[in-house]
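Me: Please take me through this protein model, one question at a time.

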Amino acid sequence: MKSEFRGFIIGVILSCILLSSVVFADGIGKKIDVVFNKVNITVNGGMVEGDNILFDGTTYVPLRKIAEMLDKEVGWDNSTNTASINDKNKTVNVLPLPIVSQNIKTDGVYVGTTQSDKYHKPTCRWAEKILKENEIWFDSKEEAQEKGYKPCGVCKP
Ligand SMILES: [Zn+2]
């Protein structure tokens, strides 16, 4: 029963190959006789699930199964008809990284604006009018004054 089933599978595979040769029509398809290997294949000690096929002295194995067991990713490029085995996490991030200025803090004890030379307590009514993109934060009065900022006359920081 099992060998009949395998014979059926081989028939299906051969049909696929024959169909492929028709579909691609580029002469690469050819009818082959294959034998199911009675070979156990392991990757790093793990048994490869799925059949392997012996053809012309070479053992053929399921690409994706092996690749995944080797902790690789399988890619497929339809335009070039190419399967590939790739290292994981090699994807290039095409999004530009945000430009972070090291000179401008986004938080602190006192806040000023690039539009004036005054610094404020964050609760000051003038501080609340500062646009987010113009904010400059300081950790101390000294830091603010070192950078040329003067205390606001309203909130008296
Ligand atoms: Zn103020």
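**Contacts, sheet and core**

Me: Among contacts between residues at least 6 apart in sequence, what percentage join residues at least 24 apart?

Reply: This is a predicted model, in which local features need pLDDT of at least 70, side-chain atom pairs count only at pLDDT 80 or more, and totals for chains, interfaces and linings use all residues. Residues are numbered from 1 along each chain as its sequence is written. Two residues are in contact if their C-beta atoms, placed from the backbone, lie within 7 Å. Among contacts in the protein chain between residues at least 6 apart in sequence, the share that joins residues at least 24 apart is 36%.

Me: In which order do the 4 strands of the open sheet lie?

Reply: Helices (H or I, at least four residues) and strands (E, at least two) are DSSP runs numbered from the N terminus, and two strands pair if DSSP finds at least two bridges between them. Strand 8 (residues 110-113) and strand 9 (residues 118-120) pair in the antiparallel sense over 2 bridges. The pairing in the open sheet is mixed, and its order is 10-8-9-11.

Me: Which residue in strand 9 is the bridge partner of Val111?

Reply: Val111 belongs to the largest nonpolar core, a set of buried Ala, Val, Leu, Ile, Met, Phe, Trp, Tyr and Cys residues joined through C-beta atoms within 7 Å. Buried here requires 20 or more other C-beta atoms within 10 Å of a residue's own. Ile130, also of that core, is in contact with Val111, Thr113 and Glu135, leaving aside its neighbours within four places in sequence. In strand 9, the bridge partner of Val111 is His120.

Terms used. A residue is buried if 20 or more other C-beta atoms lie within 10 Å of its own, exposed if 12 or fewer, and partly exposed in between; C-beta atoms are placed from the backbone.
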